[in-house]
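Subject: Structure handover

Hello,

Please find the structure below, as agreed. My notes on what was found in it follow directly after.

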Amino acid sequence: MPVATQATVKSLTPEEVAGIGGRVVLSNAYHLYLRPGVQTVSSLGGLHGFMRWPGPILTDSGGFQAFSMGSLRKVTDAGIRFRSHLDGSEHHFTPELATMNQVGLGADIIMCFDQCIAYGASERQVRQAMERTHRWAAQCHRVHRDSGAWPGRALFGIVQGGTFSHLRDESTQAITAIPFDGYAVGGLAVGEDKEQLYGFTGQVAAQLPQDKPRYLMGVGSPEDLVEGVARGIDMFDCALPTRVARNGAMFTPDGRVDVTKRRFAEQHGPVDEECDCYACANYSAAYVHHLFRAKEILGLRLASTHNLRFVLRLMERIREAILEERFTSFSREFLDRYRPTDETARQEQKLRWLQERGT
Amino acid sequence: MKVSVAGYMEFVRASRPNVFESLCDSVSSQTNKLKRVRKSVDRTLRFLDQTLAMRQNCQVLEECGLLGAVVGGDVYEERVRSATETVKRPVDGFVIEGFDLEHSHECYQSILQSATSVLPQSSPRFIHGVYSPGDILTAVESGVDVFDSACVLTATENGCAFTFHNSSSDCVENRRENRGATENIAAEPPSHQIDLNDEKYAMDFSPLLRGCECYCCVHHTRAYIHHLLITREILASTLLMMHNFTHLMKFFASLRDVLRSPLESDYLHFKSLCAFPEHFLHA
């Protein structure tokens, strides 16, 4: 799902996103609650009318942002008190408010309000956050039912438990005991290594109901999508494709390349010979390289178009492979060829991005 | 870094444009002395002659149209001299160089006219960097034919959407709406554009301009553009460019239609509908 945090997939029109193959987009209730406000969006026809996205929209509850972006936060059983990163105003997110915000925004799929915990927290802290998340999940489920928005609008539960195997099991049991419309694996992609990411994903997904969608939140790079599907995941969201695109990093079947590097200055062919996106169909890598060097917005748009198309087409090919019962060989072939970004560099980049999130 | 005529022509040859301008020495207006202005005219003519010589020997360059640059700062005599001498050379059109934003309206118009008055009627006259749409009419009245899109970028970068008259949209109604139905339009200068950064658009469900058929006006609202600007989203620029470009192109189409009419009154009526205020020139 392409990420449209503030009711726009950065730099691209809804028509362009749909043309690339986007079907569902994700927006963020924390950002939209603060600006322009749930009431404003609601009176302008909800998120669909506001941003003119013709397909389904999923919203995140905003719990993670309240935790990571809001300052002076205080978490209690009642919810999260925080100050807006924009103007310092005080706010209090509760399970009820977080749920009704998303209903007010008019999203088709909404997420439970959960307590996020930093990577590296102690088992005691992770347990406390997990148990609170379970209590909040039950409240969100009740509020959603009573709001009259169900079954027209789906609510997903989120499994937490940090990087503790037994807590992951416990959380999976607790969340699946509530009849949500889908289940998400939360609290990963926050600094753990790939082995842990894939390990916990598989552990949780194996215990989720077969007939409900499974969503791995905040993931990921092309290799993560293949590995995630292999472990039972159906849905992903990640700002990575468009974020790295704006810095000139573009996906190819052999791995990520930096189009701002000198070696692309004279390349006549597109960045990815096998890609069918607008950028690769019309422009040389040299032109895209030039646009980045000249700091032209079109460079960002072309690179974003390409990266989104790359991951969306990857998902299309995964679906085809599954239907044709050749997913295993497909994934092996893809992973053999695709060289992931160096782990250390990836972690540094992620940490930098997480620190910059407030701006 | 030095840009010689030879170096510039090598770039032109590699680029293969349909039309290119000869290299020129264009001085800005009020800060330069007469001696410097004269030198710029002489130098520009020398560059043009070198360009013509190189073009003669090269098939690729011969296939590109060549515009001679008319320079001369704010000095009427030098503008006339530059234009007169350039006309003697075998160029395909002319570009009037060296207009910056410090001119008064009268000065702008009279200098332009001094340059264009000696140019052949049948040759196209180009100008760069006309940053406000009001100046487009001034330049057209002064004999200019072809413009670049500088004013589109300026408006977009300021978060503004064009609303001045072009015959495809009901701009009078839009202006009335912008300021409340009870106000007397004739009493105030009409707006040529709206600033979407303004808080008053936060809950405005209407398109940027009623009647406009651009992608932005067909699909989006003023409130959405306002939100995109406030949140500093790139899409704001994309959508505003679509609107402003479409609007300006329609404006030129309407202008061309009006200029085909033999009646001056048709043009004057069009101009009165645009009603660019005096203070908007060089805004």
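Phe82(A) is buried, with a relative accessible area of 2%. This is a predicted model, and the value for Phe82(A), like the others here, is computed from it. Across the chains the count of aromatic pairs is 16. One of them joins Phe82(A) to Phe93(A) in an edge-to-face arrangement, with 5.0 Å between the ring centres and 80° between the planes. The two partners lie eleven residues apart and the pair links distant parts of the chain: Phe82(A) belongs to strand E4 (residues 79–83) of chain A, and Phe93(A) to strand E5 (residues 90–93) of chain A. Phe93(A) is buried as well, at a relative accessible area of 0%. Both rings also belong to one aromatic cluster, formed by Tyr30(A), Tyr33(A), Phe82(A), Phe93(A), Phe113(A) and Trp136(A).

A stacked pair is made by Phe334(A) and Tyr338(A), with centres 5.4 Å apart and planes at 10°. The angle of 10° is what makes this pair stacked, because planes under 30 degrees apart count as such. Phe334(A) is buried at 7% relative accessible area, and Tyr338(A) is buried at 4%.

Another buried position in chain A is Ala154(A), with 18% relative accessibility. Ala154(A) counts as buried because its 18% falls under the 20% cut-off. Ala154(A) sits in strand E7 (residues 154–159) of chain A. Leaving aside residues up to four places away in sequence, Ala154(A) touches Asp108(A), Ile109(A), Ile110(A), His144(A) and Asp181(A). For His144(A), ten residues from Ala154(A) along the chain, the C-alpha separation is 9.0 Å.

Next, the backbone. Most residues other than glycine have a negative phi, and most peptide bonds are trans. The following places depart from that pattern.

- The peptide bond between Arg35(A) and Pro36(A) is cis, with omega near 10°. Pro36(A) is in the loop between helix H2 (29–34) and H3 of chain A.
- Val219(A) and Gly220(A) are joined by a cis peptide bond whose omega is about 0°. Gly220(A) is in the loop that runs between strand E9 (214–216) and helix H10 (222–230) of chain A.
- Arg52(A), a residue other than glycine, has a positive phi near 60°. Arg52(A) lies in the loop between H4 and strand E2 (57–60) of chain A, and is partly exposed at a relative accessible area of 40%.
- Arg16(B) is not a glycine either, and its phi is positive at about 50°. Arg16(B) is located in the loop between helix H1 (5–15) and strand E1 (19–21) of chain B. With a relative accessible area of 60%, Arg16(B) is exposed.

Which of these two arginines is exposed, and which partly exposed? Arg16(B) is exposed because its 60% is over the 50% limit; Arg52(A), at 40%, is partly exposed.

As for chain B as a whole, it has twelve helices and seven strands. Of its 283 residues, 52% count as buried. Taking the contacts in chain B between residues at least 6 apart in sequence, 66% join residues at least 24 apart.

Last, the interface. How many residues of each chain are in contact with the other chain? Chain A contributes 22 residues and chain B contributes 20. Together the two chains bury about 1,800 Å², of which 64% is on carbon and sulfur atoms. Six residue pairs are in polar contact across the interface, counting those with both residues at pLDDT 80 or more. The salt bridge count between the chains is one: the side chains of Lys10(A) and Glu233(B) meet at 2.6 Å, N to O.

On the side of chain A that touches chain B, the elements that give two or more residues are helix H1 (14–20), helix H3 (38–43), helix H4 (46–51) and helix H14 (297–323) of chain A. H14(A) gives the most, with three residues. By class, this side of chain A has ten nonpolar, six polar and six charged residues. Two of the elements named here also border loops listed above: the loop with Pro36(A) ends at H3 of chain A, and the loop with Arg52(A) starts after H4 of chain A.

Regards

Conventions: Residues numbered from 1 in each chain as written. Chains lettered and ligands numbered in written order. Predicted model: local features only at pLDDT ≥ 70, side-chain atom pairs only at ≥ 80, totals over all residues. Heavy atoms only, no water. Contact = heavy atoms within 4.5 Å. Buried area = accessible area lost by both parts, 1.4 Å probe. Salt bridge = Lys/Arg side-chain N within 4 Å of Asp/Glu carboxyl O. Polar contact = N/O pair within 3.5 Å; in protein donor to acceptor, adjacent residues only side chain to side chain. Helix = DSSP H or I, 4+ residues; strand = E, 2+ residues; numbered from the N terminus. Nonpolar A, V, L, I, M, F, W, Y, C, P; charged D, E, K, R; others polar. Buried < 20%, exposed > 50% of the residue type's maximum accessible area, 1.4 Å probe, protein only. Phe/Tyr/Trp six-rings, centres within 6.5 Å; stacked < 30°, edge-to-face > 60°.
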